[in-house]
Amino acid sequence: MIVIIYAHPYPRHSRANNALLDALEGMDSVRVRSLYDLYPDFSIDVAAEQDALAPARLVVWQHPMHWYGSPALFRLWMDKVLQYGWAYGKGAASLGGKDVLWTVTTGGDAGSFSRCGETDLALLAQPLRNAGEQCGMRWLPPFSLHGVTTLTQEQLAGAGARYREMLEALAGGYDQAGGVQDSGGRP
Ligand SMILES: Cc1cc2nc3c(=O)[nH]c(=O)nc-3n(C[C@H](O)[C@H](O)[C@H](O)COP(=O)(O)O)c2cc1C
């Protein structure tokens with residue numbers, strides 16, 4: 001199963017992230033947890049979040065880029081959910097062996113996030129990558145969509161199709177390898 005931890009402060013006003021998520025409609029193996037819908041008061045149910053991650057073979061961290069990082073509720077989610085003794089540290093084995101994917105949309109164009117541009121996306125990804133790896137997860141190459149404010153609906157739909165194709169390929173691989181069983185349930 002693929003569990004998407006989705007952090008958009010205004011999910012109803014999203015174009016880019018909505019286009020990516022809309023493209024996943026009908027994928028039985030995907031569960032989306034929209035943190036700002038679930039926890040508008042920032043009061044995260046840690047046990048529910050940890051339970052939701054249990055059946056995941058792939059954990060996706062998806063959000064729009066805000067100030068070269070993630071929206072605040074995602075950072076809080078990391079602080080609360082990725083607990084010592086559960087996610088990392090002595091005796092922690094809850095996330096070990098899962099894959100983790102960072103899906104990020106940016107207002108800045110692709111050139112400004114290239115190695116030669118003003119900001120290197122790999123550098124911005126490093127704290128998330130370290131966190132995932134600290135929890136024993138395998139870091140996958142990020143899925144990034146840039147310059148989103150100027151993309152047409154067709155371009156957004158194309159990006160959605162590429163996103164779906166990538167997740168379907170990953171899900172197919174997990175099925176073949178005998179992934180963890182889907183325990184069902186939507187937020
Ligand atoms: C508070 C805030 C901070 C932002 N910071 C950045 C940034 O650091 N770099 C960038 O490229 N875009 C930045 N943006 C633009 C968003 O990444 C962009 O609007 C978002 O990816 C669009 O996705 P959506 O259509 O799903 O809302 C920021 C937007 C907001 C509201």
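**Exercise 1.** Are Glu-49 and Arg-33 buried or exposed? Work out what their side chains do.

Solution. The structure is a predicted model.
- Step 1: Glu-49 and Arg-33 are both buried, the cut-off for which is under 20% relative accessible area.
- Step 2: Their side chains form a salt bridge, with 2.7 Å from N to O.
- Step 3: Arg-33 belongs to strand E2 (residues 30–34) and Glu-49 to helix H3 (residues 46–53), so the salt bridge ties together parts that are 16 residues apart in sequence.

**Exercise 2.** Determine which parts of the chain the salt bridge between Arg-138 and Asp-99 links.

Solution.
- Step 1: The side chains of Arg-138 and Asp-99 meet at 2.9 Å, N to O.
- Step 2: Arg-138 is in strand E5 (residues 138–139) and Asp-99 in strand E4 (residues 99–105); these are distant parts of the chain, with the two residues 39 apart.
- Step 3: Asp-99 has a relative accessible area of 1% and is therefore buried.

**Exercise 3.** Locate Arg-164 and Glu-168 and classify their exposure.

Solution.
- Step 1: Helix H6 (residues 153–177) holds both residues, four apart, or about one turn of the helix.
- Step 2: A salt bridge joins their side chains at 2.8 Å, N to O.
- Step 3: Arg-164 has 23% relative accessibility, so it counts as partly exposed. Glu-168, at 38%, also counts as partly exposed.

**Exercise 4.** Describe the chain as a whole.

Solution.
- Step 1: The chain has six helices and six strands.
- Step 2: Its radius of gyration is 16 Å, close to the 16 Å from the globule rule for 187 residues, so the chain is as compact as a globular protein of that length.
- Step 3: Of the 187 residues, 48% count as buried.

Notes:
Residues numbered from 1 in each chain as written. Predicted model: local features only at pLDDT ≥ 70, side-chain atom pairs only at ≥ 80, totals over all residues. Heavy atoms only, no water. Rg over C-alpha atoms; globule rule 2.2 N^0.38 Å. Buried < 20%, exposed > 50% of the residue type's maximum accessible area, 1.4 Å probe, protein only. Salt bridge = Lys/Arg side-chain N within 4 Å of Asp/Glu carboxyl O.
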